[in-house]
Amino acid sequence: VYIIDKVERNALQVNGHPAFATEYTLSSNGIRAMDVRTNTWCAGGGSLGDGRWIDIGGNPGVDGSFDGDGGFAVRFLTPCDNGGCQWDDNPANALSTRRWYPAVEPMNDGGVIIIGGTKFGGYVNDASRNNPTYEFYPSRGGIKTLNLLVNTLPANLYPLTWLLPSGRLFIQAGRGTAILDPNSGTETRIADVPAAVRTYPGSGASVLLPLTPANGYTATILMCGGQNINNWTPSPSLVNRPASNNCVRITPDGGGSWSGDAPLPEGRTMGNFILLPDGKIWLGNGARTGTAGYGTGSYLIGSSFAKNPLRTPVIYNPATRSFSRAGLGTSSVARMYHSSAILLPDGSVFIAGSNPNNDVQTRLFPTEYRTEKFFPWYYNHARPQPIGAIPGRLSYGGNFFTIRLRGASLQGLTPGVAATRSKAVIIRTGFSTHGVNMGQRYLQLNSTAAPNSDGSISLFVSQVPPNPALFASGPAFLYVVVNGVPSIGRQVMIGNGIGSQPTLPVQRLPGP
Ligand SMILES: [Cu+2]
């Protein structure tokens, strides 16, 4: 796991100064400090079609002798297994405008769109600092204005953005919502998000629900919690203000109106949705009162604008549209402003952060260096062990591949029943920061299955559907899931790097 952090007096050193980036090795619980040229706080990021990660923007330098201005930075990382890779933070790649809290979303050409942000930090955005524009990497020629970000001040940072199957972009910021056609630049305002501000510092949780054959690969976005505030001037009542428990969903390619969903069991700001391989969605981190951000004021808790941390997650089931916390454990660690979470290959959720402070603090709501894992219900079940060649690279359309699962992988089911309860899914974990996992996406591959006479089953799995806007090219984990229990995820590459993606005719799957 690659972690980039805030420049402050972290104890870990690299090249004679506090480190603000590390490579964390899950198997050994070891860390390797990495040196980055510019301040990575608070950047956006995502994966690219060629397997690199891109990290955009940040803060001015704090010390200046070792951390350059991150506002214009474009940083690249080619992940490695040998402990030798470093962030490439070359000034030659710099943006032409400053971006702090920009959104980054993978695009159907394997590049990314970079949206919004403010030029300099603050509790909320304002017209003097706003950067209401978007651009692309690789460049599609200059930067363009996004009126949504002109008209949704001040709580419109880290605009919540998804590439839709239609190739258009859904963008939600402040109360506003828009659809952007990235090819023509046409921007269409649609209905405002009801009930709460979901972007920072209201900071609701948001997620694109799993794209599946059963829902026709239709994109539906779920947003939960946040804060229903119009006046963002900090006041003593702010830290005690209950967060919203409201959830809403929208299917932007299908009419684009919001509808209500199951309410959260309690209000939550700074929650973080994580797509699990079984198709359910973990919601953790955050607080019951207040907002994201930190500042100064005797009424704050240390510097925190939030209190009453929520230490117990909930699980959302898209099939029943309901939340459950039955059997879920409670953490001892507060995970509020500046927390993150990400799915790991073994199906657990890696959780880090919380730092509502300007520099390292040990007081109540401290700078939190402890990481944790959440283990979903399936963690200790005998995991399916797929046999057969899972391709290292999946194409858009093309020939199916066959996975075999022995009896021991079938969760105690008969082969005939297991065949009806097996699937293969690809998940992009996304770039996690501030409760937002940019680029996070779940797609169930089309499949059929048949029992074999030796007690095993064969799972016939299609490639990714022939539409790169369903799942942008680049890295993902592939899980084989039997009765909800996932295999250990295998890293696969989707598509064909950066550029126009070839699509192929879809080979018909064997009948059930
Ligand atoms: Cu931040």
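# A guided tour from the copper site outward

**Stop 1: the copper ion.** Start by selecting the copper ion, which is coordinated by Cys42 (SG), Tyr101 (OH), His338 (NE2) and His434 (NE2) at 2.0 to 2.3 Å. Keep in mind as you go that this is a predicted model. Show the angles among the four donor atoms: they run from 88 to 125 degrees, and the site is tetrahedral. Every angle falls between 85 and 135 degrees, so the site meets the cut-off for that label. Along the sequence, the donor residues follow the spacing C-x58-Y-x236-H-x95-H.

Now keep just the two histidines on screen. Where does each of them sit? Histidine 338 is in the loop between β26 (322-324) and β27 (339-343), while histidine 434 is in the loop between β34 (431-433) and β35 (436-438). These parts are 96 residues apart in sequence, so the histidine pair ties them together. Buried or exposed? Both histidine 338 and histidine 434 are buried.

**Stop 2: the second largest cavity.** Leave His434 selected and add Arg198, Tyr200, Ser203 and Val436. These five are the closest to the centre of the second largest cavity, out of the 13 residues that line it. Its volume is about 70 Å³. By class, the lining divides into six nonpolar, six polar and one charged. Colour domain 2 (193-380) and domain 3 (393-506) separately, and you can see why this cavity lies between them: both domains give residues to its lining.

**Stop 3: the largest cavity.** A search of the whole structure finds four cavities of 30 Å³ or more. For the largest one, with a volume of about 150 Å³, select Thr161, Trp162, Val436, Asn437 and Met438. Those residues lie nearest its centre, among 19 that line the cavity. To see the surrounding framework, show β9 (103-106), β13, β17 (205-208), β21 (272-275) and β35 as ribbons; these are the elements that give two or more residues to the lining. Colouring by class gives 11 nonpolar, seven polar and one charged residues.

**Stop 4: the second largest pocket.** Next, select Pro210, Thr212, Asn215, Pro318 and Ala319, which lie nearest the centre of the second largest pocket. The complete lining has 19 residues, and the pocket holds about 410 Å³ of space. How do the lining residues divide by class? There are seven nonpolar, seven polar and five charged. Keep your domain colours on here: domain 2 (193-380) and domain 3 (393-506) each supply at least three residues to this lining.

**Stop 5: two cis prolines.** Time for some backbone geometry. Most residues other than glycine have a negative phi, and most peptide bonds are trans. With that in mind, zoom to tyrosine 137 and proline 138, where the peptide bond is cis with omega near -10 degrees. Proline 138 is in the loop between β11 (133-137) and β12 (144-145). Then move to leucine 153 and proline 154, another cis peptide bond, with omega near 0 degrees. Proline 154 belongs to the loop between α1 (147-150) and β13 (160-163).

**Stop 6: positive phi.** Which phi value does asparagine 29 have? Its phi is near 55 degrees, which is positive in a residue other than glycine. You will find asparagine 29 in the loop between β4 (21-25) and β5 (30-34). Turn on a surface to check its surroundings: asparagine 29 is exposed, with a relative accessible area of 56%. Glutamine 411, also not a glycine, has a positive phi of about 60 degrees. Look for glutamine 411 in the loop between β32 (401-405) and α2 (415-420).

**Stop 7: two pairs to finish.** Return to strand β11 and pick threonine 133. This residue counts as buried, at 10% relative accessibility, because the cut-off for buried is under 20%. Draw a distance from its C-alpha to that of isoleucine 115: the two are 18 residues apart along the chain, with 6.1 Å between these atoms.

For the final selection, go to serine 322 in strand β26. Serine 322 counts as partly exposed, at 29% relative accessibility. Label proline 263 as well: C-alpha to C-alpha, serine 322 and proline 263 are 8.2 Å apart in space and 59 residues apart in sequence.

Key:
Residues are numbered from 1 along each chain as its sequence is written. This is a predicted model: local features need pLDDT of at least 70, side-chain atom pairs count only at pLDDT 80 or more; totals for chains, interfaces and linings use all residues. Side-chain values use heavy atoms; hydrogens and water are left out. On a 1 Å grid over the protein atoms alone, a cavity is a set of points where a 1.4 Å probe fits but cannot get out, and a pocket is an open set with protein on both sides within 12 Å along at least five of seven lines; lining residues have an atom within 4 Å of a point. Grid points are joined across faces, edges and corners, and a volume is the space filled by probe spheres set on the points. Ala, Val, Leu, Ile, Met, Phe, Trp, Tyr, Cys and Pro count as nonpolar, Asp, Glu, Lys and Arg as charged, and the others, Gly among them, as polar. Domain bounds come from an automatic or database domain assignment. Donors are N, O and S atoms within 2.8 Å of the metal (3.2 Å for Na, K and Ca); water is not among the atoms, so sites may look incomplete. Four donors count as tetrahedral if all angles lie between 85 and 135 degrees; four count as square planar and six as octahedral if opposite donors are over 155 degrees apart and all others between 65 and 115; anything else is irregular. Helices (H or I, at least four residues) and strands (E, at least two) are DSSP runs, numbered from the N terminus. Buried means under 20% relative accessible area, exposed over 50%, partly exposed in between (1.4 Å probe, protein chains only).
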